[in-house]
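Here are a few exercises to work through with the model open beside you. Try each task before you read its solution.

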Amino acid sequence: MFDSIRSVFTNFSDSVKQIQETQLSEKQLIEPLENLEMHLLQHNVAVEVTDYIIETLRKELAGIQIERSQREQYITNTIYDTIYDLLQEASCDTTELLNRWKQYNPALLLFVGANGAGKTTAIAKTAKFLQGADVVLAAGDTFRDASIEQLQKHADHLQVKCISQEYGSDAAAVIYDAKEHGEKYRADFVLADTAGRAHTNTNLMEELRKICRVTEPNGIILVVDATIGNDVIEQIKQYEPLSLDGVIVTKTDADTRGGTILTIATKAPAPIIFLGTGQSYEDLTAFEPESVTKQLLAKE
Ligand SMILES: Nc1nc2c(ncn2[C@@H]2O[C@H](COP(=O)(O)OP(=O)(O)OP(=O)(O)O)[C@@H](O)[C@H]2O)c(=O)[nH]1
Ligand SMILES: [Mg+2]
């Protein structure tokens, strides 16, 4: 994970380390920073985010006077702090958030996002993550072929209840049913699937608003795919009106460039709760800025 972008930061820090003078001047930093900028952009870090990183590093490094023996550590720490601060802004205490939701008996969590973002898989993984809690799944994607069977299969595997109706039925009604079922049996969570949306599909967006009005979810979770690069900005914008409570970033294992996580961390209107890191049920980890920063920078 994040292998490719790691070399971008390593190359930057190597080139700054090679500067001979004790004092790093703004002029000496121009070339390393320009290279860093180019490579961050090539690795799907959005322009504004790249600008922020470049400006922060310029401010922190230009003019500092430091012995060459200590410089390496100083540069490493400065890059670390810059990236950590950025990710920290987008984080939350996942365990605390889940415990808070759990008190609703049940907490209805709505999973929304574009076609193929990984919503259904994220629901199954979340159910697995919540092992020990009483979870009900709601087959709120009544639109896509085989979506109900897909969720039911996960439910069977995880041995949790899945509430569904026929294809074409009203998604709000299905999710409302699941919520009532959860209330009756005092479940801890109802995890509701929804149909994937392309932003051109106004009917499906309207349906999503209706689902929110009818079912009054306790949490709305946006699922975004880390492999789509800068398109993620447009997707986030599209879902912002729903007042999101959290974000799950999927397919971080398949993001060959690795920089999308930085873009999402800066642009997301709600904290990142989980990262999807593979195709199996266990491949979901709570988002921890320290651990992700270390992976991005290969700092042990
Ligand atoms: N490598 C990898 N693949 C993932 C991850 N999460 C989901 N996938 C894969 O992405 C594909 C789409 O996942 P789904 O969960 O069906 O996505 P969806 O958003 O429900 O799709 P629609 O229902 O069609 O809108 C599947 O092949 C998943 O196995 C992940 O974290 N890593
Ligand atoms: Mg789905």
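**Warm-up.** H7 is followed by Gln159, whose phi is positive, near 55°; helices and strands here are DSSP runs (H or I of at least four residues, E of at least two), numbered from the N terminus. This is a predicted model, where local features need pLDDT of at least 70, side-chain atom pairs count only at pLDDT 80 or more, and totals for chains, interfaces and linings use all residues. Residues count from 1 along each chain as its sequence is written, with chains lettered from A and ligands numbered from 1 in the order written.

**Exercise 1.** Work out which residues of H7 are buried and what they pack against.

*Solution.*
- Start with the span: H7 (residues 147–158) has 12 residues and reaches 17 Å from first C-alpha to last, close to the 16 Å expected (1.5 Å times one less than the number of residues).
- Now pick out Ser147, Ile148, Leu151, His154 and Ala155, which are buried (20 or more other C-beta atoms within 10 Å of a residue's own; exposed is 12 or fewer, partly exposed in between; C-beta atoms are placed from the backbone).
- These buried residues fall within an arc of 130° seen down the axis of H7, so they line one face; the arc is that of the directions from the helix axis to the C-beta atoms.
- Flip to the other side of H7 and you find Glu149, Asp156 and His157 exposed.
- Finally, the buried residues pack against H6, strand S2 (135–138) and strand S3 (161–163) (contact means C-beta atoms within 7 Å).

**Exercise 2.** Do the same for H3 (residues 47–61).

*Solution.*
- The buried set is Val49, Thr50, Ile53, Leu57 and Leu61.
- They share a side of H3 because they cover an arc of only 105° around the axis.
- Glu48, Glu55 and Lys59 are exposed on the other side of H3.
- The packing partners of the buried residues are helices H1 (3–17), H2 (26–42), H4 (68–88) and H11 (260–267).
- Just after H3, check Gly63: its phi is positive, about 85°.

**Exercise 3.** Describe how domain 1 meets domain 2.

*Solution.*
- The domain assignment, automatic or from a database, gives domain 1 (3–88) and domain 2 (94–297).
- The contact takes 18 residues from domain 1 and 18 residues from domain 2.
- On the domain 1 side, H1 and H4 each supply at least two residues, and H4 gives the most, with 7 residues.

Key:
Contact = placed C-beta atoms within 7 Å.
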